[in-house]
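User: Could you take a close look at one part of this model for me? I would like the cut-offs spelled out as you go.

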Amino acid sequence: MVQRRVAVTGIGVVSALGGDTCQFWKALREGRPGIAPFESPELSSLRFSRAAETRGFDPCAHFQEKQIDFLDRFAQFAVVAARQAVLQSGIEWTGELRENTAVITGCCVGGQSTQDTGFVDLYRLGRNRVHPLSIPRVMSSAGASHISMEMGLSGPVYTVSTACSSASHALGQAFWMVRAGQADMAIAGGSEAPFSYGILKAWEAMRVVSPDTCRPFSRNRSGMILGEGGAMMVLEPLEAAQARGATVLGEITGFGMSSDAAHITQPSASGAAKAMRLALRDAGIPPEAVGYINAHGTGTIANDVSETSAIRSVFGAHAGRLAVSSTKSMHGHALGAAGALELAATLLALHHGILPPTANFAEPDPECDLDVIPNRARCQAVEYALSNSFAFGGLNAVLAVRA
Amino acid sequence: MSDQLTQKVLAVIATTQRVPPEKVTIDSRFEELGIDSMDGVNILFALENEFDITIPDEAAKQIRDVRQMVEGVRGLVERRAG
């Protein structure tokens with residue numbers, strides 16, 4: 001079977017760094033984090049006080065009121081990001097293309113704010129009923145369904161939920177489907193809106209969220225910072241994109257996945273390394289071809305040491321020549337959307353020849369001794385890059401891209 | 001020699017970690033009891049409930065063995081009483 005090359009022709013992003021892809025890229029390039037104290041006073045009793053919230057996102061600017069009734073915040077992010085991606089790609093829909101377009105999204109926790117509101121009604125306010133649209137708003141596949149309905153896309157549509165790797169698994173599956181000819185086009189990515197009181201209390205109990213900010217690979221790192229948002233990309237065969245004169249923003253060239261089969265929260269370097277190796281093999285490139293890695297880089301003690309060790313084991317001496325950064329230091333850890341935000345960052349970095357930094361970096365850690373592009377973006381042309389996602393439960397997904 | 005608070009902390013550890021109570025002593029190391037970082041967080045949660053205290057993240061990070069856990073809880077309980 002002939003494998004098709006897969007181009008990305010549209011990237012849409014809604015994040016703590018702004019309401020569109022331009023603002024997202026501008027902040028990444030400037031090394032400017034979107035991390036700030038919670039907007040809602042209701043969240044002031046939490047042990048951590050900062051997050052990467054998508055401030056200023058006004059649903060009414062994107063949807064009619066009647067539509068908003070059906071859309072939890074995470075699904076709103078999905079639809080808005082997909083619209084941006086499709087607009088940028090300049091697709092002209094035909095009936096056939098609509099029938100053969102897949103929509104694959106990643107989402108970890110679904111409609112948390114809807115669920116929280118329902119529980120407050122029941123358990124705190126003593127009401128006897130919850131909103132009848134709660135179920136269709138909460139389901140984590142709602143974002144994919146709304147994209148499909150709005151754009152009339154009737155190909156394979158589904159959602160992958162693999163915790164913090166969700167969007168990378170979704171993008172990898174979409175890439176494979178387009179490459180193999182199972183879909184003529186795909187809209188893929190992820191979205192997440194986890195800022196409800198109930199789930200934030202659960203994160204507090206895990207003791208992995210930083211009290212100040214996210215400092216990946218820095219010796220004084222103190223944990224992750226939660227984020228929200230969505231990123232969607234348009235994937236299509238390179239030949240088709242070129243034939244219709246579309247701007248190719250980059251190519252997805254490989255996908256690797258593995259499971260640690262070890263621990264529900266502690267990462268294992270060998271599982272992560274296996275996923276990176278498989279992504280390189282799938283892309284058909286040697287480790288030495290890679291110039292940049294957008295790391296999973298959560299800023300927790302455990303992840304950053306384990307990821308460093310995994311990168312060293314895959315790349316050997318070449319690890320010393322690799323540029324590695326964690327953009328979570330700016331857009332936060334958006335869980336099921338993280339892999340999509342980070343693939344967007346990786347593609348934009350290669351497209352513009354500018355590698356985004358690891359922001360908030362304070363001091364080197366001998367156990368994370370990689371070139372992590374501290375604090376300032378770097379002008380550097382790179383042909384091949386990886387984007388890493390390593391989830392709780394040991395579920396690893398790595399995407400390989402080229403400029 | 002062992003006071004009531006110590007006994008209670010040891011009992012919480014044993015119950016939460018699902019190990020026989022006699023296995024948990026003030027000198028036990030976490031590795032001996034098979035306590036990893038997630039188990040540790042679980043035990044802190046049980047201790048917070050048992051003693052009606054809040055263990056700050058910073059203090060939690062310093063705890064490496066059972067003795068430190070007992071002394072940490074004691075400090076928080078005394079501060080609350082004082």
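Against which strand and helices do the buried residues of helix 1 of chain A pack?

Analyst: Happy to help! This is a predicted model, in which local features need pLDDT of at least 70, side-chain atom pairs count only at pLDDT 80 or more, and totals for chains, interfaces and linings use all residues. Residues are numbered from 1 along each chain as its sequence is written, while chains are lettered from A and ligands numbered from 1 in the order in which they are written.

The buried residues of helix 1 of chain A pack against strand 1 (6-15), helix 3 (73-89), helix 13 (328-331) and helix 14 of chain A. Helices (H or I, at least four residues) and strands (E, at least two) are DSSP runs, numbered from the N terminus. Contact here requires C-beta atoms, placed from the backbone, within 7 Å.

Helix 1 itself covers residues 21-30 of chain A, and its buried members are Thr21(A), Phe24(A), Trp25(A), Ala27(A) and Leu28(A). A residue is buried if 20 or more other C-beta atoms lie within 10 Å of its own, exposed if 12 or fewer, and partly exposed in between. Viewed down the axis of helix 1 of chain A, these buried residues fall within an arc of 165 degrees, so they line one face of the helix; the arc is that of the directions from the helix axis to the C-beta atoms. An α-helix has 3.6 residues a turn, so residues three or four places apart point the same way. After helix 1 of chain A comes Gly31(A), with a positive phi near 65 degrees.

One of those partners, helix 14 (residues 338-352) of chain A, also packs with helix 8 (residues 166-180) of chain A, at an angle of about 65 degrees and with the axes 5 Å apart. Axes are lines fitted to C-alpha atoms, for helices over the stretch in contact, and angles run from 0 to 180 degrees between N-to-C directions. Helix 8 of chain A brings Ser166(A), Ala167(A), Ser168(A) and Leu171(A) to this contact, and helix 14 of chain A brings Ala338(A), Gly339(A), Ala340(A) and Leu343(A).

Now for the wider core. The largest nonpolar core has 127 residues, and those with the most contacts inside it are Ala174(A), Ala186(A), Leu235(A) and Ala344(A). Such a core is a set of buried Ala, Val, Leu, Ile, Met, Phe, Trp, Tyr and Cys residues joined through C-beta atoms within 7 Å. Not counting residues up to four places away in sequence, Ala174(A) touches Ala102(A), Ile104(A), Ala186(A), Ala188(A) and Leu235(A). Another core, of 14 residues, lies apart from it, with Val9(B), Val12(B), Val24(B) and Val66(B) among them.

Note on methods:
Two residues are in contact if their C-beta atoms, placed from the backbone, lie within 7 Å.
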